[in-house]
Amino acid sequence: MSNHNKAKAGKKNSQLVIRINGEERDAFVALCEELDTSAAREVRRFIRQFVKENSQAS
C-alpha cells in the first residue's frame with residue numbers, strides 16, 4: 001500500500017461523544033499530560049486494544 005493510501009486509510013473522520021464525570025475527566029487529562037500523551041491518543045489506544053482482544057474471542 002502506498003503512503004498516500006495508508007494516510008487515507010488511517011484518517012480520523014469520526015467522533016465518539018461520551019459523558020463522564022468532570023472530576024474523572026480532569027484527572028485523566030492531567031495524567032495524560034504528565035505522561036506526555038493526549039487523552040484522545042489514549043482513548044484510541046484503548047479502543048484498538050479492546051477490539052483486538054474481544055475480536056479474537058469470538
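# A close look at Glu42 and its three-helix surroundings

Q: Is Glu42 buried or exposed?
A: Glu42 has a relative accessible area of 17%, and the cut-offs are under 20% for buried, over 50% for exposed and partly exposed in between (1.4 Å probe, protein chains only). Bear in mind that this is a predicted model, where local features need pLDDT of at least 70, side-chain atom pairs count only at pLDDT 80 or more, and totals for chains, interfaces and linings use all residues. Residues are numbered from 1 along each chain as its sequence is written, and side-chain values use heavy atoms, with hydrogens and water left out. Because 17% is under the 20% limit, Glu42 counts as buried.

Q: Which helix holds Glu42?
A: Helices here are DSSP runs (H or I, at least four residues; strands are E, at least two), numbered from the N terminus. The chain has three helices and zero strands, giving α-α-α along the sequence. Glu42 belongs to helix H3.

Q: Which residues does Glu42 touch, setting aside those up to four places away in sequence?
A: Contact means heavy atoms within 4.5 Å. With sequence neighbours up to four places away left out, Glu42 touches Phe28, Cys32 and Thr37.

Q: Which residue's side chain makes a polar contact with the side chain of Thr37?
A: Thr37 sits in the loop between H2 and H3 and is buried at 16% relative accessibility. Beyond its neighbours within four places in sequence, Thr37 is in contact with Cys32 and Glu42. A polar contact is a pair of N or O atoms within 3.5 Å; within protein, one must be able to donate a hydrogen and the other to accept it, and residues adjacent in sequence count only if both atoms are side-chain atoms. At 2.8 Å, the partner of the Thr37 side chain is the side chain of Glu42.

Q: Which residue forms a salt bridge with Glu42?
A: The rule is a side-chain nitrogen of Lys or Arg within 4 Å of a carboxyl oxygen of Asp or Glu. The closest N and O atoms here are 2.7 Å apart, and both residues lie in H3, three residues apart, about one turn of the helix. While Glu42 is buried, its partner is exposed at 54% relative accessibility. That partner is Arg45.

Q: How far apart are the closest N and O atoms in the salt bridge of Arg25 with Asp26?
A: A search of the whole structure finds two salt bridges, and Arg25 with Asp26 is one of them. Arg25 is partly exposed at 43%, and Asp26 is partly exposed too, at 47%. Their closest N and O atoms are apart by 3.2 Å.

Q: Which residue caps the N-terminal end of H2?
A: H2 has 13 residues and spans 18 Å from its first C-alpha to its last, close to the 18 Å expected (1.5 Å times one less than its number of residues). At its N-terminal end, a side-chain oxygen lies 2.7 Å from the backbone nitrogen of Glu23. The residue supplying that oxygen is Asn21.

Q: What phi does Asp36 take, just after H2?
A: Most residues other than glycine have a negative phi. Asp36 isn't a glycine, yet its phi is positive. It lies in the loop between H2 and H3 and is exposed, with a relative accessible area of 69%. Its phi is about 55°.

Q: Which helix gives the most to the nonpolar patch?
A: Patches take residues with over 30% relative accessible area and no salt bridge, joining like charges within 9 Å and nonpolar side chains (Val, Leu, Ile, Met, Phe, Trp, Tyr) within 5 Å. This one is on the surface and has about 860 Å² of accessible area together, with Leu16, Phe28 and Phe50 among its members. Leu16 is in the loop between helix H1 (3–9) and helix H2 (22–34), and is exposed at 63%. The top contributor, with five residues, is helix H3.

Q: How much of the exposed area do carbon and sulfur atoms supply?
A: Accessible areas come from the Shrake-Rupley method with a 1.4 Å probe, and for residues only the protein chains shown count as cover. Of the 58 residues, 5% are buried. The protein exposes about 5800 Å², and the carbon and sulfur share is 52%.
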